[in-house]
Protein chains: 2
Amino acid sequence: MLDRELKKGSAELLILSLVETRARHGYEISKMIEARSGGTLKFNVASLYPLLYRLEKRGWIEGHWLEKAGQKRRRCYKLTKEGRKILKAQRTTWQSFVAAINQIAGLDNA
Amino acid sequence: MLDRELKKGSAELLILSLVETRARHGYEISKMIEARSGGTLKFNVASLYPLLYRLEKRGWIEGHWLEKAGQKRRRCYKLTKEGRKILKAQRTTWQSFVAAINQIAGLDNA
DNA sequence: AATAATATATCGCTATGTCACATATAACAT
DNA sequence: ATGTTATATGTGACATAGCGATATATTATT
């Protein structure tokens, strides 16, 4: 696992990105992050669930309970209109950030 | 300025990178970060100085006081042998981190 | 019957960036 | 002379957010 501190600030971008195309629940998001990063990134549930609540409270995602026979209850979150704006802005911010670090750390052609 | 949280974890990489080629003092490092990032990144002195002490305590950088006539006293830091190893590792970590985020956030071709 | 995978939840801890403030010298303008 | 800005270092209190550990409970697998 990467340095804990590196992850701060990128979590929101990850969550918002993952619920961009369709609604997903917490556990699914957690597994997707792990899988898509090839194990490089892993979000502890003690970070993930509170983060989902924060994002919902801010109106960037919207959750609803899903109860199906033969499944545990899940809370599925989808991106709101406001969330879509924020996601766009966060992508830009992320890219500026990476560019700045690469520039300073001499990783431009790395 | 970027999201405060994004910066956590990248600060060490920045400092170590900047003292890689030659010794520099805190104020100089602070100005370089601001200049090289085109103003995108700015480190508060209240983050920078304590970070320098931490890095020195860990033996990754080595500082010494420089007193010249016509100049305020400065504490110049240079990368140690150990620091050089750490810097190499942190560059790799950083690149893995960025690759993972880009992969998950759908920014591969952005 | 036991174990693992699924799914959500939270307390206490820790790390680290920031705000605001403090000190002090050198350079420059008025 | 006086004031302002840039240089240069330093710190106490605070806020944020990820993590380890732990908890609960259902479904699937062995």
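**Exercise 1. Find out how DNA strand C is contacted by polar atoms of chain A.**

Step 1. Start with a base. An N or O atom in the side chain of A:Lys72 lies 3.1 Å from a base nitrogen of DNA strand C. This is a predicted model.

Step 2. Turn to the phosphates. A polar backbone atom of A:Tyr27 is 2.8 Å from a phosphate oxygen of DNA strand C. For A:Gly26, a backbone N or O atom lies 3.4 Å from a phosphate oxygen of the strand.

Step 3. Apply the cut-off. A polar contact is a pair of N or O atoms within 3.5 Å, and the pair of A:Lys72 is at 3.1 Å, that of A:Tyr27 at 2.8 Å and that of A:Gly26 at 3.4 Å.

**Exercise 2. Describe the protein surface near DNA strand C.**

Step 1. Count the residues. DNA strand C is surrounded by 29 residues. The closest are A:Tyr53, A:Arg74, A:Arg75, B:Lys7 and B:Ala46.

Step 2. Sort them by class. The surface has 14 charged, nine nonpolar and six polar residues.

Step 3. Assign them to elements. In chain A, helix 1, helix 3, helix 4 and strand 3 each supply at least two residues. In chain B, helix 1, helix 2 and helix 4 do so. Helix 4 of chain A gives the most, with five residues.

Step 4. Look at the DNA side. Sugar or phosphate holds 66% of the strand's atoms within 4 Å of the protein, and bases hold the rest.

**Exercise 3. Characterise the second largest pocket.**

Step 1. Give its volume. The second largest pocket holds about 370 Å³ of space.

Step 2. List the lining. It has 15 residues. B:Lys7, B:Lys8, B:Ala11, B:Phe43 and B:Ser47 lie nearest the pocket's centre.

Step 3. Name the elements. Helix 1, helix 2 and helix 4 of chain B each give two or more residues to this lining. Helix 4 of chain B gives the most, with three.

Step 4. Sort by class. Eight lining residues are charged, four are polar and three are nonpolar.

**Exercise 4. Decide whether helix 2 of chain B is enclosed, and trace the sheet of chain B.**

Step 1. Check burial. Eight of the eight residues of helix 2 of chain B are buried, so the helix is largely enclosed by the rest of the structure. Among them are B:Ala11, B:Glu12 and B:Ser17.

Step 2. Order the strands. Chain B has an open sheet of three strands, in the order 1-3-2, with antiparallel pairing.

Step 3. Find the edges. Strand 1 (24–25) and strand 2 (61–66) of chain B each pair on one side only.

Step 4. Follow one pair. Strand 1 and strand 3 of chain B are joined over two bridges. B:His25 has B:Cys76 in strand 3 as its bridge partner.

How values were computed
Residues are numbered from 1 along each chain as its sequence is written. Chains are lettered from A and ligands numbered from 1 in the order in which they are written. This is a predicted model: local features need pLDDT of at least 70, side-chain atom pairs count only at pLDDT 80 or more; totals for chains, interfaces and linings use all residues. Side-chain values use heavy atoms; hydrogens and water are left out. On a 1 Å grid over the protein atoms alone, a cavity is a set of points where a 1.4 Å probe fits but cannot get out, and a pocket is an open set with protein on both sides within 12 Å along at least five of seven lines; lining residues have an atom within 4 Å of a point. Grid points are joined across faces, edges and corners, and a volume is the space filled by probe spheres set on the points. Helices (H or I, at least four residues) and strands (E, at least two) are DSSP runs, numbered from the N terminus. Ala, Val, Leu, Ile, Met, Phe, Trp, Tyr, Cys and Pro count as nonpolar, Asp, Glu, Lys and Arg as charged, and the others, Gly among them, as polar. Two strands pair if DSSP finds at least two bridges between them. Buried means under 20% relative accessible area, exposed over 50%, partly exposed in between (1.4 Å probe, protein chains only). A residue is near a molecule or strand if one of its heavy atoms lies within 4 Å of it. A polar contact is a pair of N or O atoms within 3.5 Å; within protein, one must be able to donate a hydrogen and the other to accept it, and residues adjacent in sequence count only if both atoms are side-chain atoms.
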